[in-house]
Amino acid sequence: MILAFETSCDETSVAVVEDGHTILSNVVATQIKSHQRFGGVVPEVASRHHIEQITDCLNLALEQAGVTYDDLSAVAVTYGPGLVGALLIGVTAAKTVAFAHNLPLLPINHMAGHIYAARFVEPIEFPALALLVSGGHTELVYMPRIGEFKIIGETRDDAAGEAYDKIGRVLGINYPAGKEVDQLAHQGQDVFDFPRAMDHDDSYDFSFSGLKSAFINTVHHADQIGETLDRSNLAASFQQAVVDVLADKTVRALHDYPVHQLILAGGVAANQGLRERLASEVAGIETTHLVKAPLALCGDNAAMVGAAAAVAFEQGQLGDATLNADPSLDFDYLER
């Protein structure tokens with residue numbers, strides 16, 4: 001029975017997870033409305049909200065799970081990557097609870113949490129490959145065995161989620177823009193032929209900065225000459241370019257690294273266009289099947305931290321009172 005904290009960005013979340021795959025409670029206090037007027041997350045504002053909300057989230061999570069501190073086996077917390085001020089709130093709260101109730105402390109990598117959200121769908125079979133597409137990360141992660149993560153490809157500039165938010169502002173869509181851009185894209189056609197950067201590159205790395213710039217330049221040029229472009233076609237063209245690159249790189253990685261499962265996780269994993277495309281692509285690979293993180297758990301939440309913590313607990317990966325936030329925490333890279 002693990003009590004888990006998640007405060008890496010703009011969601012304050014506390015959960016109680018049993019055996020790494022049963023959610024007893026998962027309280028999430030979002031800050032979206034507070035950040036919308038700024039067009040993105042303001043770190044200082046996020047930290048202040050975490051301070052205000054974390055005690056209420058903790059009490060509610062225990063209440064909803066119907067447990068007390070005496071029922072817990074350990075306390076887990078995201079300690080990176082993320083916003084350093086936001087991370088420190090969760091780390092401090094988790095260390096306090098662990099010390100006060102003499103419980104083991106489990107430091108959890110936020111990205112591992114996203115991957116292990118798949119455990120709420122079905123057990124993970126190794127070796128596995130994960131396509132992690134969240135706000136600030138776009139990564140292909142190879143997992144030869146449980147608890148081991150190796151990056152084989154990542155974004156070199158803007159992550160896919162960042163690109164969605166930036167072009168969303170041009171379309172007049174409030175932060176976070178991903179869901180609305182996805183909905184708009186399903187109403188349009190790919191008529192602008194935006195660039196598919198690095199699609200045929202030998203590496204598994206991604207680049208979305210050029211696509212973002214091409215989109216913005218197209219819209220600004222049309223404004224200058226008084227031309228009105230169809231918003232749904234713009235969204236469809238942008239999304240098709242993103243999905244093409246993500247799918248092409250992922251499928252090539254599946255052929256180079258045969259695995260039992262492809263795990264799709266992270267905030268952008270909720271994108272319907274991406275989910276449909278990968279389902280179609282993986283259906284043609286007999287030895288691999290697709291596991292999509294539940295839609296409700298694609299965003300940041302403490303339940304996924306609890307799922308990852310069950311593995312850390314089994315492997316004895318414990319923290320102590322010196323645990324600190326690590327905003328640049330990353331997986332190791334696979335040497336080829």
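The sheet in this predicted model is an open one of six strands, ordered S10-S9-S6-S7-S8-S11, and its pairing is mixed. At the edges stand S10 (289–292) and S11 (332–333); each has a single partner strand, so one side of each is left without a neighbour in the sheet. Further in, take S6, residues 128–133, and S9, residues 261–265: these two pair in the parallel sense, with five bridges between them. If you want a spot to start tracing that pairing, go to Ala128, whose bridge partner in S9 is Gln261.

Now for the helices around the sheet. Helix H8, residues 231–256, lies across S6, S7 (138–143), S8 (150–154) and S9, and it runs at about 165° to S6.

H8 also has a helical partner, H7. Two packed helices are described by the angle between their axes and the distance between the axes. Here, the axes of H7 and H8 come within 11 Å and cross at roughly 165°. An angle over 145 degrees counts as roughly antiparallel, which means that H7 is roughly antiparallel to H8. The crossing of this pair is right-handed. From H7, the contact uses Leu211, Phe215 and Val219, while H8 brings Leu234, Phe238, Ala241 and Val242. Sort the residues in the contact of H7 with H8 by class and you get seven nonpolar, no polar and no charged. As for the spacing along H7, from Leu211 to Phe215 to Val219, it helps to recall that an α-helix has 3.6 residues a turn, so residues three or four places apart point the same way.

Both of these helices turn up again around H5, residues 160–170. The buried residues of H5 are Ala160, Gly161, Ala163, Tyr164, Asp165, Ile167 and Gly168. And what covers them? The cover includes strands S6 and S7 along with helices H6 (178–185), H7 (209–224) and H8. Just past the end of H5, Gly172 takes a positive phi of about 80°.

Finally, have a look at Leu87, which is found in helix H3, residues 84–100. Is Leu87 buried or exposed? Its relative accessibility is 0%, so Leu87 counts as buried. Setting aside neighbours within four places in sequence, Leu87 is in contact with Thr7 and Ser8, with Thr78, Tyr79, Gly80, Pro81 and Gly82, and with Ala325, Asp326 and Pro327. For a sense of scale, Leu87 and Phe206 are 119 residues apart in sequence, and their C-alpha atoms are 27 Å apart in space.

Note on methods
Residues numbered from 1 in each chain as written. Predicted model: local features only at pLDDT ≥ 70, side-chain atom pairs only at ≥ 80, totals over all residues. Heavy atoms only, no water. Helix = DSSP H or I, 4+ residues; strand = E, 2+ residues; numbered from the N terminus. Buried < 20%, exposed > 50% of the residue type's maximum accessible area, 1.4 Å probe, protein only. Contact = heavy atoms within 4.5 Å. Pairing = 2+ DSSP bridges. Axes fitted to C-alpha atoms, helices over the stretch in contact; angles between N-to-C directions. Parallel < 35°, antiparallel > 145°, perpendicular 65-115°, else oblique. Left-handed = near helix turned anticlockwise from the far one by under 90°. Nonpolar A, V, L, I, M, F, W, Y, C, P; charged D, E, K, R; others polar.
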